[in-house]
Amino acid sequence: AILSLITEKIGLRKVTTYTARHTFAINLQSKGMTVEQIQKFLGHASSATTQNYIGTITTSTIDKGRDILEGLIKADE
C-alpha cells in the first residue's frame with residue numbers, strides 16, 4: 001500500500017519489492033556497509049548475488065530518488 005502511494009506520488013509506473021530491495025542494498029553500501037554485511041541483510045547465499053544488487057544503480061540515482069522522497073515527506077507534513 002505505502003509502496004504504491006509513493007510510486008504514484010513520484011510519477012513512476014511501478015515500483016516493486018524487488019526494486020525496493022535494490023535501493024535498500026545500494027543505500028547500505030553508500031553508508032559504508034560491506035558487501036558481506038549487506039548480503040546478510042538480504043539473506044543471499046552468495047556475495048555475487050549481492051554484488052549484482054549493488055552494482056546496478058549509481059549513487060547519483062539514489063541521491064536523486066532520496067531528494068524526491070524527502071520532498072514528498074515534507075510536503076505531507
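**A chain of five helices**

Among contacts in the chain between residues at least 6 apart in sequence, 43% join residues at least 24 apart. The model described here is a predicted one. Its secondary structure comes to five helices and zero strands, and along the sequence the pattern reads α-α-α-α-α. The C-alpha trace spans about 40 × 20 × 20 Å along its principal axes. Of the 77 residues in the chain, 19% are buried.

The packing of the helices may be taken up with H2 and H4. Helix H2 covers residues 17-30 and helix H4 covers residues 47-54; the two pack at an angle of about 90°, and their axes are 8 Å apart. That angle makes H2 roughly perpendicular to H4, because angles of 65 to 115 degrees are counted in that class. On the H2 side, the residues that meet H4 are Tyr18, Arg21, His22, Ala25, Ile26 and Gln29. Their counterparts in H4 are Asn52, Tyr53 and Ile54. Sorted by class, this contact of H2 with H4 has five nonpolar, three polar and one charged residues.

Helix H4 also packs with helix H3. The axes of H3 and H4 come within 9 Å and cross at roughly 95°, and these two helices are therefore roughly perpendicular to each other. From H3, the residues Val35, Ile38, Gln39 and Leu42 take part. They meet Ser47, Thr50, Gln51, Tyr53 and Ile54 in H4. The classes in the contact of H3 with H4 are five nonpolar, four polar and no charged residues. Tyr53 and Ile54 of H4 thus appear in the contact with H2 and also in the contact with H3.

Two residues show the packing of H3 with H4 in detail. Val35 is found in helix H3 and, at 18% relative accessibility, counts as buried, since the cut-off for that class is under 20%. Leaving out residues up to four places away in sequence, Val35 touches Ser47, Thr50, Gln51 and Ile54. Val35 and Tyr53 are 18 residues apart in sequence, and their C-alpha atoms are 9.9 Å apart in space. From the other helix, Thr50 lies in H4 and counts as buried at 0% relative accessibility. Thr50 touches Val35, Ile38, Gln39 and His44, again not counting residues up to four places away in sequence.

The nonpolar core comes next. In soluble globular proteins, nonpolar side chains tend to be buried together. In this chain, the largest nonpolar core has nine residues: Ala25, Ile26, Leu28, Val35, Ile38, Leu42, Tyr53, Ile54 and Ile62. At least two residues of this core are supplied by each of H2, helix H3 (35-42) and H4. Ala25 offers a view of how core residues meet: leaving aside its neighbours within four places in sequence, Ala25 is in contact with Ile38, Leu42, Tyr53 and Ile54. Each of these four partners is itself listed in the core.

Helices H2 and H3 are also linked by aromatic rings. A pair of aromatic rings is described by the distance of the centres and the angle of the planes. The count for this structure comes to one aromatic pair. Phe24 and Phe41 form this pair, which is edge-to-face, with 5.8 Å from centre to centre and 75° between the planes. Phe24 lies in helix H2 and Phe41 in helix H3, so the pair ties together parts that are 17 residues apart in sequence. The relative accessible area of Phe24 is 38%, which means that this residue is partly exposed. Phe41, at 52% relative accessibility, counts as exposed.

One further residue leads to the C-terminal helix of the pattern. Leu69 has its place in helix H5, which covers residues 59-76. With a relative accessible area of 33%, Leu69 is partly exposed. Its contacts, not counting residues up to four places away in sequence, are with Ile6 and Ile10. Leu69 and Ile6 are 63 residues apart in sequence, yet 7.9 Å apart in space from C-alpha to C-alpha.

Note on methods
Residues numbered from 1 in each chain as written. Predicted model: local features only at pLDDT ≥ 70, side-chain atom pairs only at ≥ 80, totals over all residues. Heavy atoms only, no water. Axes fitted to C-alpha atoms, helices over the stretch in contact; angles between N-to-C directions. Helix = DSSP H or I, 4+ residues; strand = E, 2+ residues; numbered from the N terminus. Parallel < 35°, antiparallel > 145°, perpendicular 65-115°, else oblique. Contact = heavy atoms within 4.5 Å. Nonpolar A, V, L, I, M, F, W, Y, C, P; charged D, E, K, R; others polar. Core = buried A, V, L, I, M, F, W, Y, C linked by side-chain atoms within 4.5 Å. Buried < 20%, exposed > 50% of the residue type's maximum accessible area, 1.4 Å probe, protein only. Phe/Tyr/Trp six-rings, centres within 6.5 Å; stacked < 30°, edge-to-face > 60°.
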